[in-house]
Amino acid sequence: MPEFSMTIQAQAPIEDVWKLLHDPSSFPLWWAGMETIEPGRDGAFTMWPTGYPDFPMAQRLDASSTDQRVTISCLVSYLEFVWQLAPEGDTTHIDVQVRIPEAEAHRLDGQRSTVAESLVNLAALAADG
């Protein structure tokens, strides 16, 4: 199973990053390629990718405030994003690990690019408070 990890340091307290990371309605503000979100219940939500208004993608979010971890699983293509936060003084270390099933391995480079852009966007938005 292809996978990769990326990290960034946000110039923001962990609470500000957490607010953006565990709330799917904020994803279109920072997650590259997510145009629209429709919240569901019990961690479920639907995402429409940018440029594909007729292609809803069911997602599942599991959040643990105890260890500041958010896992987002695509129920269509089975990609998994595990976000981990760690406070470092007045800043926050953001780590994301992405797992891609073999059937979607051709998307690896595109996902690297999207996640890199999303990390920068998340850190900047959190810093703007």
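# A tour from helix α3 outward

Begin by selecting Gly129: this glycine follows helix α3, and its phi is positive, near 60°. The model on screen is predicted.

**Helix α3**

Step back from Gly129 and select residues 108-128, the 21 residues of helix α3. Put a distance monitor on the C-alpha atoms at the two ends of α3; they are 30 Å apart, and this agrees with the 30 Å expected at 1.5 Å a residue.

Now colour the buried residues of α3, which are Leu108, Gln111, Val115, Ser118, Leu119, Leu122, Ala123 and Ala126. They lie on the same side of α3, because they cover an arc of only 130° around the axis. Show what this side faces: the buried residues of α3 pack against the strands β1 (3-10), β6 (80-88) and β7 (91-99), and also against α1 (14-21) and α2 (27-30).

Ser118 is a good residue to centre on within helix α3. Its relative accessible area is 1%, so Ser118 is buried. Leaving aside residues up to four places away in sequence, select the contacts of Ser118: Trp30, Trp31 and Ala32.

Turn the view to the face of α3 away from its buried side, where the exposed residues Asp109 and Asp128 are found. Asp109 counts as exposed at 57% relative accessibility. Select Arg112 as well, since the side chains of Asp109 and Arg112 meet in a salt bridge, with 3.5 Å from N to O. The two residues are three apart in helix α3, so Asp109 and Arg112 are separated by about one helical turn. Arg112 is partly exposed, with a relative accessible area of 33%.

**Other salt bridges**

How many salt bridges does the structure hold? There are six.

Select Glu104 and Arg107 next; the closest N and O atoms of this salt bridge are 3.3 Å apart. Glu104 has 18% relative accessibility and counts as buried, the cut-off for that being under 20%. Arg107 counts as partly exposed at 27%.

Then go to Asp67 and Arg69, a salt bridge whose closest N and O atoms are 3.6 Å apart. Asp67 is partly exposed at 31% relative accessibility. Arg69 is also partly exposed, with a relative accessible area of 36%.

**Strand β5**

Select Ser73, which is in strand β5. Is Ser73 buried or exposed? With a relative accessible area of 17%, Ser73 is buried. Draw its contacts, again without residues up to four places away in sequence: Ser73 touches Ala58, Gln59, Arg60, Leu79 and Glu80.

**Two residues with positive phi**

Most residues other than glycine have a negative phi. Two places to check against that background follow.

Move to Tyr78, in the loop between β5 (69-74) and β6. Tyr78 has a positive phi of about 65°, although it is not a glycine. At 57% relative accessibility, Tyr78 counts as exposed.

For the other place, select Asp42, in the loop between β2 (34-39) and β3. What is the sign of phi at Asp42, negative or positive? The phi of Asp42 is positive, about 55°, and Asp42 is not a glycine. Asp42 is exposed, with a relative accessible area of 65%.

**A nonpolar surface patch**

Switch to a surface view and select Tyr52, Phe55 and Val76. These residues make a nonpolar surface patch of about 300 Å². Centre on Phe55, which is found in the loop between β3 (44-49) and β4 (57-64). The relative accessible area of Phe55 is 40%, so this residue counts as partly exposed.

**Selections to keep**

Three saved selections cover much of the tour:

- The buried residues of α3, including Ser118 and Leu119, with the elements they pack against, among them β6 and β7.
- The salt-bridge pair Asp109 and Arg112 in helix α3.
- The patch residues Tyr52, Phe55 and Val76.

Technical notes. Residues numbered from 1 in each chain as written. Predicted model: local features only at pLDDT ≥ 70, side-chain atom pairs only at ≥ 80, totals over all residues. Heavy atoms only, no water. Helix = DSSP H or I, 4+ residues; strand = E, 2+ residues; numbered from the N terminus. Expected span 1.5 Å × (residues − 1). Buried < 20%, exposed > 50% of the residue type's maximum accessible area, 1.4 Å probe, protein only. Arc of directions from axis to C-beta. Contact = heavy atoms within 4.5 Å. Patch = residues over 30% accessible without salt bridge, like charges linked within 9 Å, V, L, I, M, F, W, Y side chains within 5 Å. Areas by Shrake-Rupley, 256 points an atom, 1.4 Å probe, with all protein chains shown as cover. Salt bridge = Lys/Arg side-chain N within 4 Å of Asp/Glu carboxyl O.
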